Amino acid sequence: MLSSITTPFGHNTPTLHRISADYCPSQENQTHTLKMTQDPRVLLQKADKALSGASGGFSWFGGRAEKYESAADLYTQAANAFRVQKMNKEAGQAFEKAASIQTQSLNEPDDAANNLQEAFKVYRKTDPEDAARVLSSAIQHYVLRGNLRRAATQQQYLAELYEVELGDMKKALEAYEKAADWFEGDNAEALANKHYLKVADLAALESDYYKAITNYERIGRSSINNHLMKWSVKDYLLKAGICHLATKDLVETNRALESYRELDPSFGSTREHQLLVDLTQAVEGGDQEGFADKLFQFDQLSKLDKWKTTLLLRIKNNIEEAEEDFS
């Protein structure tokens with residue numbers, strides 16, 4: 001822009017101000033180049049080209065490993081760029097391509113497993129079946145490496161995926177049980193019990209009452225001498241007792257209550273124990289009203305959660321069915 005200055009001779013002479021230091025003629029080109037390098041499709045094309053160069057024909061100058069490294073790195077960059085743009089399917093596929101190179105061409109299984117974990121994260125919400133597939137592969141790697149703790153943690157995520165996103169309770173139950181076994185094998189008792197409890201809860205909802213009972217009782221036994229866990233024992237035994245009632249085997253239910261009193265002498269004086277005794281008597285007498293009344297009284301002081309309500313409703317229905325059969 002033009003402005004004027006006063007010369008020593010008193011005349012105003014126009015002069016050209018220096019262009020602002022903020023502006024650089026090459027700045028637009030630099031910004032354009034940066035955008036291009038962050039464009040996931042451009043990165044993907046570069047990765048494809050690098051992979052083609054690494055795997056094609058004879059290499060006169062060697063360096064094939066470096067080319068594979070470059071391709072894997074570019075696929076990872078592309079995956080992260082896709083992730084930023086919330087293009088989860090494309091991000092997952094790019095992570096998988098990077099993992100494939102690291103497994104097949106670079107002998108870098110740890111890096112490959114990490115990329116498969118990243119693929120799982122981006123697939124999880126939009127492509128849960130793909131998420132399960134890639135995480136299963138990563139878990140297998142950790143098992144082969146003897147890293148049980150990491151395998152167990154990832155197995156927990158797989159179980160949650162089956163339960164929540166895919167709604168496959170059978171596979172979720174199997175995955176939780178495997179995670180629990182691996183945590184136990186790594187001497188992580190608290191984490192193992194947390195997942196055995198999940199196994200028990202799901203097994204009961206799936207009407208596999210004996211599996212549920214086995215797991216509730218094992219958690220109860222392992223918790224009885226643990227100062228942090230012993231206060232939860234009465235709830236584990238209550239759940240186990242409810243499952244016994246659901247089996248319709250009242251003889252075994254009474255035996256179980258006796259064994260619970262032996263396991264935990266304080267259990268006999270709890271409201272949970274009294275509820276089980278009252279419900280067993282109501283079932284034996286075919287007393288639906290009495291059954292409902294005892295539940296109502298218990299619920300006034302200790303709210304029954306959704307799991308307990310579901311199981312107890314089944315037991316109440318069993319009483320009704322038994323009455324209909326008798327009549």
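Here is a short chat about some rings, charges and one helix in this predicted model.

Me: Why is the pair of Y216 and W307 called edge-to-face?
Reply: The planes of Y216 and W307 are 80° apart, and over 60 counts as edge-to-face, so the label fits. Their centres are 5.8 Å apart, and the limit for pairing is 6.5 Å, so they count as a pair too.

Me: What makes that pair tie together parts that are apart in sequence?
Reply: Y216 belongs to helix α10 (residues 209-223) while W307 belongs to helix α15 (residues 306-326), so the pair links parts 91 residues apart in sequence. Both Y216 and W307 are buried, too.

Me: How do you know that Y260 and F267 form an aromatic pair?
Reply: Their centres lie 6.4 Å apart, and the cut-off is within 6.5 Å, so they pair. With 80° between the planes, this one is edge-to-face. Both Y260 and F267 are buried.

Me: Why is R218 said to sit over the ring of Y196?
Reply: The charged end of R218 is 3.8 Å from the ring centre of Y196, and the distance has to be within 6 Å, so that part of the test is met. K239 lies over the face of W307, at 5.0 Å from the ring centre.

Me: What makes the span of helix α11 agree with what it should be?
Reply: Its 14 residues (233-246) should span 20 Å at 1.5 Å a residue, and the end C-alpha atoms are 20 Å apart, so the two agree.

Me: Why is α11 called mostly covered?
Reply: Twelve of its 14 residues are buried, among them Y236, K239 and H244.

Notes:
Residues numbered from 1 in each chain as written. Predicted model: local features only at pLDDT ≥ 70, side-chain atom pairs only at ≥ 80, totals over all residues. Heavy atoms only, no water. Phe/Tyr/Trp six-rings, centres within 6.5 Å; stacked < 30°, edge-to-face > 60°. Helix = DSSP H or I, 4+ residues; strand = E, 2+ residues; numbered from the N terminus. Buried < 20%, exposed > 50% of the residue type's maximum accessible area, 1.4 Å probe, protein only. Lys NZ or Arg CZ within 6 Å of the ring centre and 35° of its normal. Expected span 1.5 Å × (residues − 1).
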